[in-house]
Amino acid sequence: MIKQVLVVEDEPNIQMALEFLLKQQGYTVRSAVDGDSAMEEVERDPPDLVLLDINIPGRSGFEVCEAVRANPAWNNTGILILTGKGHEDDRTKGLRLGADDYVTKPFATKDVIAKVKALLDK
């Protein structure tokens, strides 16, 4: 079965690059540009993995992460935070809220793809 990935990113160039890379790997990709539309996408059809930026309009990535983890129906949805917030406090907060992994920008695309594969192959 083809895995679905939701990319939550408000920077168009990063969003397009991630979509392209993920589609090349054979994943179905959906996108959201803010926290509210991200939650709408998760509620409509929970993805297998959410690539989640923290600094997005509306509901922050931290709030989205917390909301996804609060709903037992979404326990199988992985969360990979992909953000420019590289402080250790931010990383700790993201993981404490339930993210499966945390990657800071700028990132190497091969590293992100490796993490996506690891999370989706669990």
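**Note on the predicted model: fold, helix 2 and three buried residues**

1. Beyond its neighbours within four places in sequence, Thr83 is in contact with Asp53, Ile54, Asn55, Tyr102, Val103, Thr104 and Lys105, where contact means heavy atoms within 4.5 Å. Thr83 belongs to strand 4, residues 78-83. With a relative accessibility of 0%, Thr83 counts as buried. The side chains of Thr83 and Asp53 are joined by a polar contact of 3.2 Å.

2. On conventions: this is a predicted model, in which local features need pLDDT of at least 70 and side-chain atom pairs count only at pLDDT 80 or more, while totals for chains, interfaces and linings use all residues. Residues are numbered from 1 along each chain as its sequence is written, and side-chain values use heavy atoms, with hydrogens and water left out. Buried denotes under 20% relative accessible area and exposed over 50%, with partly exposed in between (1.4 Å probe, protein chains only). A polar contact is a pair of N or O atoms within 3.5 Å; within protein, one must be able to donate a hydrogen and the other to accept it, and residues adjacent in sequence count only if both atoms are side-chain atoms.

3. The protein has five helices and five strands, assigned as DSSP runs numbered from the N terminus (helices H or I, at least four residues; strands E, at least two). Along the sequence these elements follow the pattern β-α-β-α-β-α-β-α-β-α.

4. The overall dimensions are as follows. The radius of gyration is 13 Å, which agrees with the value near 14 Å for a compact globule of 122 residues; the quantity is taken over C-alpha atoms, and the globule rule is 2.2 Å times the number of residues to the power 0.38. The C-alpha trace spans about 30 × 30 × 25 Å along its principal axes. Of the 122 residues, 43% count as buried. Among contacts with a separation of 6 or more, 60% are between residues 24 or more positions apart.

5. Strand 4 pairs in the parallel sense with strand 5 (residues 101-104) over four bridges; pairing requires that DSSP find at least two bridges between the strands. The chain passes from strand 4 through helix 4 (residues 88-96) to strand 5 in a right-handed β-α-β crossover, that is, clockwise from the first strand over the helix to the second when the strands point away from the viewer. Tyr102 in strand 5 is the bridge partner of Ile81.

6. Helix 2 (residues 35-44) has Gly35, Ala38, Met39, Glu41 and Val42 buried. These residues lie on the same side of helix 2 because they cover an arc of only 160 degrees around the axis, the arc being that of the directions from the helix axis to the C-beta atoms. Glu40, Glu43 and Arg44 are exposed on the other side. The cover over the buried residues includes strand 1 (4-8), strand 2 (28-32), strand 3 (49-52) and helix 3. At the N-terminal end, Asp34 caps helix 2, with a side-chain oxygen 3.1 Å from the backbone nitrogen of Asp36.

7. Trp74 is in the loop between helix 3 and strand 4 and is buried, at 9% relative accessible area. Outside its neighbours within four places in sequence, the contacts of Trp74 include Met39, Val42 and Glu43. Trp74 and Asp48, 26 residues apart in sequence, are 9.1 Å apart in space, C-alpha to C-alpha.

8. Thr77 occupies the loop between helix 3 (61-70) and strand 4 and is buried at 3%. Among its contacts outside the neighbours within four places in sequence are Pro46, Asp48, Val68 and Asp100.
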